[in-house]
Amino acid sequence: QNKKLRMIIEGKQVRQSCSVQVSLMLTRVSTGDSCCNPLSMGAIKKMIEQEIAGIYVLSLMIGKNVVEDTENGFFLDVNHQVSMVCSQLAQDPNLQGGYNAMGFSQGAQFLRAVAQRCPSPPMKKLISVGGQHQGVYGLPRCPGESSHVCDMIREALNRGAYSDLVQKHLVQAQYWHDPLNDDLYKKHSLFLADINQERSVNETYKKNLQQLETFVMVKFLQDSVVDPVDTEWFGFLKTGQAKVTETLQESDLYKQDRLGLAAMDKAGKLVFLATEGDHLQFSKEWFDANLLPYLR
């Protein structure tokens with residue numbers, strides 16, 4: 001049998017798609033990266049193609065060229081980016097039978113939105129590598145919670161993060177999650193609050209996400225970029241304060257099963273992996289042993 005494997009990778013440092021035996025979509029990893037960076041996304045694509053013969057890997061480009069792709073990782077409305085990706089997938093003949101998707105850093109939550117909003121062609125497996133599924137409420141490599149500077153900058157960002165102008169034009173603001181201003185977040189977050197069912201339950205989102213065969217989430221135990229790191233496993237800070245975290249299983253999202261994650265967990269569809277190291281720092285050996293099996 002000549003079964004096609006399809007994969008998509010997204011993540012401003014990783015994204016692509018493969019064909020022949022498997023299809024994979026890669027989505028950008030982090031801000032400032034691009035689909036085709038030979039040191040990041042391009043390297044991941046090449047590595048997968050070398051390990052899985054005949055795989056078709058599609059590295060998503062958001063824009064007409066690499067420069068636009070990089071800029072869009074900072075400034076293009078995420079909802080528009082998701083729509084662009086859905087259009088690309090629908091037009092790719094290699095993906096029509098279904099595909100696997102791998103998202104790095106912010107690319108992971110963007111691909112989850114694709115799974116929830118665009119069920120055709122069907123996403124089979126979603127691999128989130130350092131994704132921020134409950135958003136972030138911290139600064140990259142912040143000196144620490146004891147630093148008043150962190151709190152001041154965080155407060156300044158929060159004042160503007162939920163304004164219409166910032167929400168529509170700054171990608172990072174669209175997954176900024178302020179536990180101290182929960183009502184503000186739920187009302188004005190254009191992207192994250194929507195895909196996480198914070199305002200209302202979209203049954204289509206819930207149904208589509210549950211179509212996944214497997215949802216893998218990778219957490220980096222020494223992550224100094226993502227705050228709180230629990231978001232990489234769909235956990236977050238408890239509402240009303242900014243120190244104590246809760247797991248996915250302890251959250252209202254899970255207990256009320258607004259997104260279908262509890263049902264998926266009970267069905268064995270959720271996989272939680274952890275690795276030593278900082279944000280997106282992993283060896284080829286670890287990648288081959290822990291993630292490649294989900295792509296074969």
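## Nonpolar cores

Start with the biggest greasy patch: the largest nonpolar core holds 48 residues, and the ones with the most contacts inside it are Leu89, Val114, Met123, Phe191, Phe215, Phe234 and Leu261. Keep in mind that this is a predicted model.

Take Leu261 from that list. Leaving aside residues up to four places away in sequence, Leu261 touches Leu209, Phe215, Phe234, Leu248, Leu253, Tyr254 and Leu270. Apart from the largest core there's another one, with 22 residues, including Met102, Ile127, Val216 and Leu295.

## The disulfide

Searching the whole structure turns up 1 disulfide. Cys86 and Cys118 are the partners, with S to S at 1.9 Å. Their link is right-handed, with 90° about the S-S bond.

The two cysteines come from distant parts of the chain, 32 residues apart: Cys86 belongs to helix 3 (residues 78-91), while Cys118 sits in the loop between helix 4 (106-117) and strand 6 (123-129). Both Cys86 and Cys118 are buried.

## The second largest pocket

Now for some open space. The second largest pocket has a volume of about 310 Å³. Its lining is made up of 17 residues, and Glu198, Thr239, Glu246, Ser251 and Asp252 lie nearest the centre.

Who supplies the lining? Helix 7 (182-188), strand 8 (236-237) and helix 10 (252-255) each chip in at least two residues. Sorted by class, the lining of this pocket comes out as 8 charged, 5 polar and 4 nonpolar residues.

How values were computed
Residues numbered from 1 in each chain as written. Predicted model: local features only at pLDDT ≥ 70, side-chain atom pairs only at ≥ 80, totals over all residues. Heavy atoms only, no water. 1 Å grid on protein atoms, 1.4 Å probe; cavity = no way out; pocket = protein on both sides within 12 Å on 5 of 7 lines; lining within 4 Å. Points joined across faces, edges and corners; volume = space filled by probe spheres on them. Helix = DSSP H or I, 4+ residues; strand = E, 2+ residues; numbered from the N terminus. Nonpolar A, V, L, I, M, F, W, Y, C, P; charged D, E, K, R; others polar. Disulfide = S-S within 2.5 Å. Buried < 20%, exposed > 50% of the residue type's maximum accessible area, 1.4 Å probe, protein only. Core = buried A, V, L, I, M, F, W, Y, C linked by side-chain atoms within 4.5 Å. Contact = heavy atoms within 4.5 Å.
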